[in-house]
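Subject: Model handover

Hi,

Here is the model I promised to pass on. Have a look at it first, and my notes follow below.

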Amino acid sequence: MSMLYPINSTSRRAVSLNGLWGFRTDPKSEGLACGWQHGLPAPDSIPVPASFADFYTDKETREYCGDFWYQTEVFVPEEWQGKRVSVRFGCATHLATVYCNGVEITSHEGGFLPFTADITEAAHFGRENRIVVRMNNELSETRLPCGATTVLPSGRKIAKPYFDFYNYSGLQRNVFLTAEPRESITGYSVRHTLLGADAEVAYEVQTNGEHAVTVELADEAGNVVAQAAGRTGVLTVRDAKLWKVRDAYLYTIRIRIADGERVIDEYAEPIGIRTVEVRGRQILLNGEPVYLKGFGKHEDSDIVGRGFNIGVMKRDFELMKWIGANCFRTSHYPYSEEIYQMADREGILIIDEVQAVGCFESLMNFAEASSGKRTAFFAKETTPQLLAHHLHSIEEMIERDKNHACVIAWSLLNEPDTTDPSAKPYFEAVFAKAREFDPQKRPRTFALLMNSKPGVCQCHQYADFLSLNRYYGWYLLGGAEIELGEAAFRSEMDAWQEAVPDKPLIFTEYGADTDAAYDKLPSTMWSESYQIEYLEMCHRVFDSYPGIVGELVWNFADFQTTEGIMRVGGNKKGIFTRQRQPKRAAFYFKERWESLPLDYKA
């Protein structure tokens, strides 16, 4: 299946299907037997892309867990006869089956990556066609992200996530109707080598036919600077302009399949020339050390939930530039493709994370991990099913994102239980798959939770650099005991420096919940003053260790979580509010990050 982003070209067409779709919940899972694949009875209207939960005023719909359905009408032009016609979904959370005019087309599991439904044979050309999608958002220990689903005495299902963000669901990303030639480009990859002032871009193109392939590279002015023929080859770029942090230069790669002078298919998109590697205690971009400054984030905003919102995306990037950030992690799932395209243009680094979150059996893992709880999560009978889904998701993520210059590393799990030896073969398989599938052999990592410490963690050796999630001063030894928190933090860092003297460490989470409308003198936990005091303590620790080369604070903005006594309207660790306004800590970070050079600690 091709993961290429839909474009319009001499041979391709892409038409947005965003807008109001029909919507129905199906709490008794009776829709299929009742023929809903042919059309929904009395559907409500719902926006796409968006999560469905926050549009409604009744709690049952907001918390809905189970089967639900979407539908829309699609006109397929007569002139598309002879082409392959598809509906391309940016995602469908978490399990989806697509029907066209009542005919089952395809199914997909995994709610954060794209898939395509080829409707060529089922479509009526020159007429309207009905597209229906049956979806399910239940959580389990064999599906990523992990969790459980319980049934109340009333028969209503409730999602019980093993993760600390809301289980938003629906058609949450862009949907396209596409037309492509029957013989087409199905994928490509690039790999960069720097040779003094020049660069080599090794490429490999996949097609589903036998005709000749040509490839060219054009600069930002449109001038062709390199070209080659064949499905594999090398584009040599003289005086190459490199893609750099906050200084992005993008070439355009253009791939063609031709029969003599006739173009059969053409695909083009921007790429940046850059290299990334880990060497000793440094993360190197284009051979130069880079200190990571930025955020863990979420795709989360008012009303549309996890739905892609182009306006929110623009605001987020402007705030990251304003504050002096250069990096973020796609916690805890691959984000919308448009966000990577923006990061490519803006020169912002991304640690790309697969949706492997919740591999720690707990409804409050953020608190219980600090207590040292162990769950032997990978010793379950269901682990082989989970691993198969995990490996497939890694393949899909890397296939989708492998050519983005902004992606500098793969994060393969977030806060898994690594305290039991059963985790080791699981990690071996996951890390091997990422190395095998990535043409650029980017560094691989995973985010270690609080109970994964030196002498306890069974799996840190698989990571090319360590990503630590630590909350000394918040979940552990906070408030009046913060000086004890700092001492405990330094004690653990001393142990890590001894355990991994030859690897970089970064912090992928650290933070303190803060109500933007609350402050105290002297400070108390949840106040804006305490958030800054907490951050100052963490940064004292970071600045003390040369092996710590990155700080991605948790979180960019406040975000929605499952309701409970530990969360007041969601997680409030944001440096910005959910409405993207600064807390006092934002000005503190701006001053710090603008003062730290890109090669800090080099």
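A residue is called buried here when its relative accessible area is under 20%. Arg 567, with a relative accessible area of 8%, is therefore buried. One caution before going on: this is a predicted model.

Salt bridges first. Searching the whole structure turns up 46 salt bridges, and Arg 567 takes part in one of them, its side chain meeting that of Asp 164 at 2.9 Å, N to O. Asp 164 sits in the loop between β11 (157-161) and β12 (175-180), while Arg 567 is in the loop between β30 (548-554) and α9 (584-595), so this pair ties together parts that are 403 residues apart in sequence. Asp 164 has 18% relative accessibility, so Asp 164 counts as buried too.

The loop between β30 and α9 also holds Lys 573, and Asp 513 lies in the loop between β29 (505-509) and α8 (528-543). These two side chains form a salt bridge at 2.7 Å, N to O. Here the parts tied together are 60 residues apart in sequence. How accessible is Asp 513? Its relative accessible area is 1%, so Asp 513 is buried, and Lys 573 is buried as well, at 1% relative accessibility. There is also a network: Arg 12, Arg 84, Glu 180 and Asp 265 are joined into one through salt bridges that share partners.

Next, the β18 and β19 hairpin. Strand β18 (residues 251-259) pairs with β19 in the antiparallel sense, over 9 bridges. The two strands have 2 residues between them, and Gly 260 in the turn shows a positive phi of about 65°. Thr 252 is the residue opposite Pro 270 in β19. Strand β19 (residues 262-271) is mostly covered, with 7 of its 10 residues buried. A salt bridge spans the hairpin strands as well: the side chains of Arg 254 and Glu 266 meet at 4.0 Å, N to O. Arg 254 belongs to strand β18 and Glu 266 to strand β19, 12 residues apart. Is each partner buried or partly exposed? Arg 254 is partly exposed, with a relative accessible area of 28%, whereas Glu 266 counts as buried at 7% relative accessibility.

Now to Lys 503, in the loop between α7 (482-499) and β29. Lys 503 is buried yet has no salt bridge. Where is the nearest side chain of opposite charge? That is Asp 464, 6.1 Å away. What the side chain of Lys 503 does reach is backbone oxygen: that of Gln 461 at 3.1 Å, and that of Ala 463, which lies 2.5 Å from a polar atom of the Lys 503 side chain. Beyond its neighbours within four places in sequence, the contacts of Lys 503 include Gly 280, Arg 281, His 460, Leu 466 and Gly 547.

Last, the nonpolar cores. The largest has 115 residues, and those touching the most other members are Leu 292, Phe 295, Leu 413, Phe 427, Tyr 534 and Ile 575. Helix α8 gives the largest share of this core, 8 residues. Leaving out residues up to four places away in sequence, Leu 413 touches Phe 378, Phe 427, Val 430, Phe 431 and Phe 446, among others, and Glu 353 and His 390 are on its list too. A second core, separate from this one, has 32 residues, among them Phe 23, Val 74, Ala 117 and Ala 123.

Cheers

Key: Residues are numbered from 1 along each chain as its sequence is written. This is a predicted model: local features need pLDDT of at least 70, side-chain atom pairs count only at pLDDT 80 or more; totals for chains, interfaces and linings use all residues. Side-chain values use heavy atoms; hydrogens and water are left out. Buried means under 20% relative accessible area, exposed over 50%, partly exposed in between (1.4 Å probe, protein chains only). Helices (H or I, at least four residues) and strands (E, at least two) are DSSP runs, numbered from the N terminus. Two strands pair if DSSP finds at least two bridges between them. Lys and Arg count as positive and Asp and Glu as negative; His and the chain ends are not counted. A polar contact is a pair of N or O atoms within 3.5 Å; within protein, one must be able to donate a hydrogen and the other to accept it, and residues adjacent in sequence count only if both atoms are side-chain atoms. Contact means heavy atoms within 4.5 Å. A nonpolar core is a set of buried Ala, Val, Leu, Ile, Met, Phe, Trp, Tyr and Cys residues joined through side-chain atoms within 4.5 Å.
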